[in-house]
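Subject: Handover of a structure, with notes on what was found

Dear colleague,

Please find below the structure that I am handing over to you. My notes on it follow directly after the display.

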Amino acid sequence: MSKIVPTKPPLDTLCTLIPPLSAKFYKGQLGRVGVIGGSEEYTGAPYFSAISALKLGADLAHVICQPTAAIVIKSYSPVHPYMRRSEKNPDLSADEIINNVEELFPRLHVLVVGPGLSRDLMMLNCAQGIIQKAKEKMMPIIIDADGLFLVQNNPNVIKDYPKAILTPNLNEFKRLCETMNVSSENNSLEEMTQQLSKAFGGVIIVNKGKTDFISNGNVVFFVDNEGGLKRCGGQGDVLTGLIATFLDWGLAYQNKIWQHDNKISPDDIIMLASFAGCVITRECSRIAFGKLGRSVQTSDIISEIAYSFNNFLEGKCTQRPSI
């Protein structure tokens, strides 16, 4: 087997995916994100994911969460308090919850599953059913946090679905490799990332670490931009929101809501969105850490999204698309 050579996509290709801003567009064309998560203990995670999508440029973000989490989140974004915990004597069955969420799908382009979901059996069963319904609609799905716990214990929930992205950290990556029988012996991280993607049937793996490796089982991208040195909780949630918005833009690109040469294939868009999300997350973290050092929090990182996006990507695009 020939050695894998990780690479980076050209900047001009990434620029092609950034939609122009125009008075001709209507609300929702440039991104409608749904975040499945948010439990009694974890309200910040789905907030971070949804607000990051909005800060990058998505038009709308909907959070589907537990009622107690909805009270905290609803002041900034549409919230749907459908999720229930099994030990709380839910007034809705799992099937009713799944059907309620499915009714929202016409209002969404991309689904994020996992931030603050918890490992409650009812929440996990509902998430599994929602993922299945989203697959039937061919929706892009990003899975993180407790959503990865679900996949670790039931790989078939996402196996062979090429529009899925898994975003594990080091420990989550190790557990997924164990589940899918991907060995670390004599394998580099980039090789393991590629093998894990293949084991999942082409699901995109975003292996977060000192260097991020991204693979669809064939190509391997790497992201080694400098990030911040503070590992505060919530940065993975920021990443899911950023990837979701880039995926939204990719769908708008496929639908040709602006003029372009159509040179990017649908299969490449998911890899490009994952790469761009990783880069902007690192840029935000680096800038926020440079200002605040040890005291930096995820909210500070989110505040740098607009500047980081323009500084690294949009501001460097010499050719802007037309309408």
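Glutamate 283 is buried, with a relative accessibility of 7%. Please bear in mind throughout that the model is a predicted one. I begin with this glutamate since two of the topics below involve it.

**Salt bridges**

The side chain of glutamate 283 meets that of arginine 286 in a salt bridge, with 3.0 Å from N to O. Both residues belong to helix α10, which covers residues 266-292, and they are three residues apart, about one turn of the helix. Arginine 286 has a relative accessibility of 29% and therefore counts as partly exposed, whereas its partner glutamate 283 is buried.

How many salt bridges are there in total? The count comes to ten. Two further examples may be useful to you.

One of them joins the side chains of arginine 84 and aspartate 91, at 2.9 Å from N to O. Are these two residues buried or exposed? Arginine 84 is buried, at a relative accessible area of 15%, while aspartate 91 is exposed, at 61%.

Another is formed by lysine 133 and glutamate 102, whose closest N and O atoms are 3.9 Å apart. Lysine 133 is located in helix α5 (residues 121-136) and glutamate 102 in helix α4 (residues 94-102), so this pair ties together parts that lie 31 residues apart in sequence. Both partners are partly exposed: lysine 133 has a relative accessible area of 24%, and glutamate 102 one of 22%.

**Helix packing**

Helix α10 also packs against helix α12, which comprises residues 305-312; their axes come within 9 Å and cross at roughly 115°. This crossing is right-handed. On the α10 side, the residues that take part are Val279, Ile280, Glu283, Cys284, Arg286 and Ile287. They meet Ile305, Tyr307, Ser308, Phe309, Asn311 and Phe312 of α12. By character, the residues of this contact divide into eight nonpolar, two polar and two charged. Glu283 and Arg286, the salt-bridge partners described above, are thus found in this contact as well.

A second helix pair is formed by α2 (residues 44-56) and α9 (residues 235-254), which pack at an angle of about 40° with their axes 7 Å apart. How are these two helices oriented to each other? At about 40°, α2 and α9 are oblique to each other. The crossing in which α2 passes α9 is right-handed. From α2, the contact draws on Ala45, Phe48, Ser49, Ser52, Ala53 and Leu56. From α9, the residues are Asp237, Val238, Thr240, Gly241, Leu242, Thr245, Phe246 and Trp249. Eight residues of this contact are nonpolar, five are polar and one is charged.

**The loop between α6 and β6**

Two residues of this loop deserve a note. Valine 157 is placed in the loop between α6 and β6, and with a relative accessibility of 6% valine 157 counts as buried. Which residues does valine 157 touch, leaving aside those up to four places away in sequence? They are Gln128, Ile131, Lys135 and Val151. Threonine 245, by contrast, is 88 residues from valine 157 in sequence and 23 Å from it in space, C-alpha to C-alpha; Thr245 was named above as part of the contact of α2 with α9.

Aspartate 160 lies in the loop between α6 (146-153) and β6 (164-166) too. Glycine 201 is 41 residues away from aspartate 160 in sequence, yet the C-alpha atoms of the two are 4.2 Å apart in space. Not counting residues up to four places away in sequence, aspartate 160 touches Phe200, Gly201 and Val203.

**Backbone angles**

Most residues other than glycine have a negative phi. Aspartate 160 has a positive phi, near 70°, and is not a glycine. Asparagine 181 likewise has a positive phi, of about 60°, although it is not a glycine. Where is asparagine 181 placed? The residue is in the loop between α7 (170-179) and α8 (189-199). With a relative accessibility of 70%, asparagine 181 counts as exposed.

Yours sincerely

How values were computed: Residues numbered from 1 in each chain as written. Predicted model: local features only at pLDDT ≥ 70, side-chain atom pairs only at ≥ 80, totals over all residues. Heavy atoms only, no water. Salt bridge = Lys/Arg side-chain N within 4 Å of Asp/Glu carboxyl O. Buried < 20%, exposed > 50% of the residue type's maximum accessible area, 1.4 Å probe, protein only. Helix = DSSP H or I, 4+ residues; strand = E, 2+ residues; numbered from the N terminus. Axes fitted to C-alpha atoms, helices over the stretch in contact; angles between N-to-C directions. Parallel < 35°, antiparallel > 145°, perpendicular 65-115°, else oblique. Left-handed = near helix turned anticlockwise from the far one by under 90°. Contact = heavy atoms within 4.5 Å. Nonpolar A, V, L, I, M, F, W, Y, C, P; charged D, E, K, R; others polar.
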